[in-house]
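Here are my comments on the model you sent, set out as numbered points. They deal with the ligand surroundings, one ligand at a time, and then with the cysteines.

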Amino acid sequence: MKANCMAGTGIAFGSVELNNFITVASGPLTDAASKIEAAEKAGAGAASLKLTFVDVPFQSEMRSYSMPGSVILSPTNRRLDLKKAIEITRQIRRITGMKLFANYSALGSRLDEWKLLSEKLDEAGADLLEPNFCCPNLDTSEVTSTTKHDHGGASIGENPEVCAEIVRAIREVSGLPIVPKIITADRRTLIEVARTVEDCGAAGIHVVGTPTSGLPPVAENGRPEIPLLDGAPQGSTNGPLCKYTSYLYAAILARSISIPIMISGGLESWKDCVDVISWGATAPSICSAFMWYGYEILDSINEGIQDFMDRNGFASIADFRGRSLRYFTTPDRVRLRRGVAVVDDEACINCGRCLRPAHCEAVSRADDRVAIDAELCIGCGVCGSLCPVGAISYREEEEH
Ligand SMILES: Cc1cc2nc3c(=O)[nH]c(=O)nc-3n(C[C@H](O)[C@H](O)[C@H](O)COP(=O)(O)O)c2cc1C
Ligand code: SF4
Ligand code: SF4
């Protein structure tokens with residue numbers, strides 16, 4: 001099933017409607033018209049063109065530490081200059097009806113460049129503007145420097161006033177919906193920036209649930225494990241590593257703003273998409289998973305979401321968006337339910353994995369049977385996650 005056949009999964013950013021809420025995030029999947037055409041054929045609701053500058057500050061190519069199912073750490077990437085981005089955008093307009101975000105950046109102080117990029121990419125045929133306040137790979141300051149520098153990208157997303165100036169400047173030259181994209185490791189900055197851009201008229205916000213950047217592991221000889229690269233600048237870290245922060249940011253933003261919330265970071269299955277929406281996101285966006293597994297996974301994501309909606313009687317994503325927010329609370333307000341782990345003797349294959357947790361004094365084995373001492377079990381939930389056959393469950397007990 002193609003995404004655009006699915007009922008109830010369309011969304012709108014301002015006046016622009018996407019017929020599927022799953023979009024292709026800016027990156028190596030979006031630096032050519034042919035690639036965006038492929039995304040459209042697969043049924044994605046929109047794509048965001050590769051990061052564009054008036055003049056690319058330093059040109060590069062993608063290098064990465066790529067660990068499917070875990071992380072893509074990518075410190076260097078290709079960039080588009082404005083001329084190339086205009087050319088690709090026009091080409092896209094000729095060959096596809098795909099909704100297109102323009103993704104671009106400049107120094108925070110260069111409002112003239114922000115305006116130029118917005119105006120020209122609007123004229124070329126972009127449908128939405130995604131000013132990039134998020135790229136962590138533009139930071140050229142010494143790694144030990146504590147001075148705040150203006151590098152564009154992520155350094156802008158740390159500063160609500162600068163974000164506001166840029167969004168206002170863009171609105172002077174373009175009427176397209178603006179969906180700023182930010183990364184931050186700080187919850188308060190996230191809220192401040194989100195509220196600020198909403199107040200300035202943004203049609204939505206795109207947040208990446210990443211810890212911003214990292215370093216790769218090292219090989220036996222001490223060299224960083226990034227093929228074909230000498231040197232290891234800190235690099236953006238994406239992929240499943242980010243997923244749980246994506247959920248958190250969805251929940252924080254859903255509580256803080258009213259505009260649509262696009263989230264990327266570690267989403268790769270229908271369940272991930274349903275979960276991030278349950279926490280309050282409006283639109284999941286995906287990069288790494290399409291880079292690893294191709295667009296085939298979009299079919300199973302769409303089918304999974306549709307089955308989930310049918311099973312639960314939801315006609316649209318609005319019916320389940322934010323349904324888990326009522327559980328989002330502070331640690332002092334949760335109620336611990338008293339309970340213990342129990343083993344199903346019939347199902348247990350006696351593999352011994354549940355005996356391993358070093359913090360646990362409750363599990364023992366005697367006569368080839370595993371037993372859990374209810375007096376010693378604190379109900380932490382670890383053993384059940386280790387059992388390969390699902391023989392451990394948790395039984396709630398009456399309070400005495
Ligand atoms: C190799 C690579 C290049 C990227 N380039 C861009 C970019 O040009 N502009 C941008 O806004 N985000 C860029 N991103 C970030 C993605 O758009 C996305 O927000 C992020 O990877 C989180 O989603 P994921 O976990 O599904 O990959 C890039 C990510 C990767 C892995
Ligand atoms: S729930 Fe935690 S404490 Fe209880 S048996 Fe399992 S690992 Fe041990
Ligand atoms: S991990 Fe599961 S199957 Fe293995 S011994 Fe424990 S209860 Fe039995």
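**Notes on the ligand sites**

1. In this predicted model, the residues around ligand 2 are A341, C360, A362, V363, I372, C377, I378, G379, C380, G381, C383 and Y394. Sorted by class, that shell consists of 10 nonpolar and 2 polar residues, with no charged residues. C360, one of the residues around ligand 2, has a relative accessible area of 28%, and because buried means under 20% and exposed over 50%, C360 is described as partly exposed.

2. Ligand 3 has 13 residues around it, and those that come nearest are C348, C351, G352, C354 and C387. By class, the shell of ligand 3 is made up of 10 nonpolar, 2 polar and 1 charged residues. The space that ligand 3 takes is the second largest cavity. As for C387, one of the nearest residues to ligand 3, its relative accessibility is 18%, and it therefore counts as buried, the limit being under 20%.

3. Ligand 1 is surrounded by 23 residues, of which S26, K50, S264, G266 and S288 are the closest. The shell around ligand 1 divides into 9 nonpolar, 12 polar and 2 charged residues, and the space taken by ligand 1 is the largest cavity.

4. Which protein atoms lie 2.6 Å, 2.7 Å and 2.8 Å from an oxygen atom of ligand 1? At 2.6 Å there is a polar backbone atom of S26, whereas the 2.7 Å distance involves an N or O atom in the side chain of S264, and the 2.8 Å distance involves a polar side-chain atom of N103. Alongside these contacts, the protein covers 96% of the 600 Å² of accessible area that ligand 1 has on its own.

5. A last point concerns the cysteines. The structure holds 0 disulfides, although C360, C377, C380 and C383 are among the residues around ligand 2, and C348, C351, C354 and C387 are among those that come nearest to ligand 3. When you discuss these cysteines, please keep the two accessibility values apart, with C360 partly exposed at 28% and C387 buried at 18%.

Technical notes
Residues numbered from 1 in each chain as written. Chains lettered and ligands numbered in written order. Predicted model: local features only at pLDDT ≥ 70, side-chain atom pairs only at ≥ 80, totals over all residues. Heavy atoms only, no water. Near = heavy atom within 4 Å. 1 Å grid on protein atoms, 1.4 Å probe; cavity = no way out; pocket = protein on both sides within 12 Å on 5 of 7 lines; lining within 4 Å. Sits in = over half its atoms within 2 Å of the grid points. Nonpolar A, V, L, I, M, F, W, Y, C, P; charged D, E, K, R; others polar. Disulfide = S-S within 2.5 Å. Buried < 20%, exposed > 50% of the residue type's maximum accessible area, 1.4 Å probe, protein only. Polar contact = N/O pair within 3.5 Å; in protein donor to acceptor, adjacent residues only side chain to side chain. Areas by Shrake-Rupley, 256 points an atom, 1.4 Å probe, with all protein chains shown as cover.
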